[in-house]
Amino acid sequence: MGTPGERLPDEALLAGLVTGDADVAVAFVRRFQGRVYGVAVAVLGDRGLAEDVAQQTFERAWKHGRVYDARRGSVQAWLCTIAHNLAVDVARARRATPVDPTEVGRLLDAVVATTEGQALARESVAELRAAIADLPREQARAVMMAGIYGLTAKQVAESEGIPLGTAKTRIRRAMGRLRAALAGETTGRP
């Protein structure tokens with residue numbers, strides 16, 4: 001047995017949600033919960049966190065539904081954008097804290113328990129250092145700033161005084177060259 005609001009168009013459901021109509025709010029959540037949750041799971045890969053993001057998405061829709069503009073997209077697209085942005089924020093907040101480069105070796109030793117494991121870890125670090133040293137200087141700086149210091153491409157661009165697209169290209173090319181070098185391949189691209 002459904003609620004009377006289930007037959008209403010999306011925009012009418014959103015308007016009812018904003019006004020606090022309980023039946024319409026239930027119909028609104030039922031209509032969009034699968035899509036909103038799906039977006040959150042796709043971004044986070046964690047069902048528990050995705051449930052929290054879905055809840056926050058519907059809270060935002062309730063609080064900010066008056067600013068929805070049908071000319072900019074459907075209610076579904078608006079909700080999915082809210083869910084995506086919230087999920088990205090959660091993912092960024094969970095991202096590991098950057099580590100001081102001088103501490104990387106010590107941390108690797110603490111993580112790797114066996115003597116042979118430590119030897120393999122040191123060998124991997126040495127290979128990575130050598131591969132970074134072979135990169136063009138601007139690519140090495142960009143990938144170090146992004147990979148070790150945890151800066152975003154925008155922060156790299158600002159720090160280096162270069163356009164955002166250039167920073168992204170440097171990071172992408174450096175990562176490609178590092179992957180190839182660590183896999184034993186060589187690339188002819190700068």
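This is a friendly conversation about a predicted model of a protein chain.

Student: What makes up the chain, in terms of helices and strands?

Tutor: There are nine helices and zero strands in the chain. If you read along the sequence, the pattern is α-α-α-α-α-α-α-α-α.

Student: Let's look at single residues. Why is T57 called buried?

Tutor: T57 has a relative accessibility of 0%. Buried means under 20%, so T57 counts as buried. T57 lies in helix α3, and leaving aside neighbours within four places in sequence, T57 is in contact with V36, L79, I82, A83 and L86.

Student: And why is R60 called partly exposed?

Tutor: Try the same reasoning. R60 has a relative accessibility of 40%. Buried would need a value under 20%, and exposed a value over 50%. The value for R60 lies in between, so R60 counts as partly exposed. R60 has its place in helix α3.

Student: Which residues does R60 touch, leaving aside its neighbours within four places in sequence?

Tutor: R60 is in contact with G65, I82 and L86, once those neighbours are left aside. Here is one more pair to find in the structure: R60 and A83 are 23 residues apart in sequence, and their C-alpha atoms are 9.4 Å apart in space.

Student: How much of the chain counts as buried?

Tutor: Of its 190 residues, 28% count as buried.

Student: What is in the largest nonpolar core, and which members touch the most others?

Tutor: That core has 27 residues, and L14, F28 and L79 touch the most other members. The elements giving two or more residues to this core are α1 (10-19), α2 (22-44), α3 (47-64) and α4 (75-94). The largest share, nine residues, comes from α4. As for L79, its contacts are F28, F32, V36, T57, F58 and A61, not counting residues up to four places away in sequence. Apart from the largest core lies another core, of eight residues, among them A142, V156, A167 and I171.

Student: Why might nonpolar side chains be found together?

Tutor: As a general tendency in soluble globular proteins, nonpolar side chains tend to be buried together.

Student: Now for pairs of helices. What makes α8 roughly perpendicular to α9?

Tutor: The axes of α8 (residues 153-160) and α9 (residues 164-182) cross at roughly 110° and come within 8 Å. Roughly perpendicular covers 65 to 115 degrees, so α8 is roughly perpendicular to α9. α8 passes α9 in a right-handed crossing.

Student: Which residues make that contact?

Tutor: From α8 they are A153, K154, V156, A157 and E160, and from α9 they are L164, A167, K168, R170 and I171. By class, this contact has six nonpolar, no polar and four charged residues.

Student: How do α2 and α4 pack?

Tutor: They pack at an angle of about 35°, with their axes 9 Å apart. α2 passes α4 in a right-handed crossing. Among the residues making the contact are F28, F32 and V36 of α2 and L79, A83 and A87 of α4. By class, this contact has 15 nonpolar, two polar and one charged residues.

Student: How many of the contacts join residues at least 24 apart in sequence?

Tutor: Among contacts in the chain between residues at least 6 apart in sequence, 54% join residues at least 24 apart.

Key: Residues numbered from 1 in each chain as written. Predicted model: local features only at pLDDT ≥ 70, side-chain atom pairs only at ≥ 80, totals over all residues. Heavy atoms only, no water. Axes fitted to C-alpha atoms, helices over the stretch in contact; angles between N-to-C directions. Helix = DSSP H or I, 4+ residues; strand = E, 2+ residues; numbered from the N terminus. Parallel < 35°, antiparallel > 145°, perpendicular 65-115°, else oblique. Left-handed = near helix turned anticlockwise from the far one by under 90°. Contact = heavy atoms within 4.5 Å. Nonpolar A, V, L, I, M, F, W, Y, C, P; charged D, E, K, R; others polar. Core = buried A, V, L, I, M, F, W, Y, C linked by side-chain atoms within 4.5 Å. Buried < 20%, exposed > 50% of the residue type's maximum accessible area, 1.4 Å probe, protein only.
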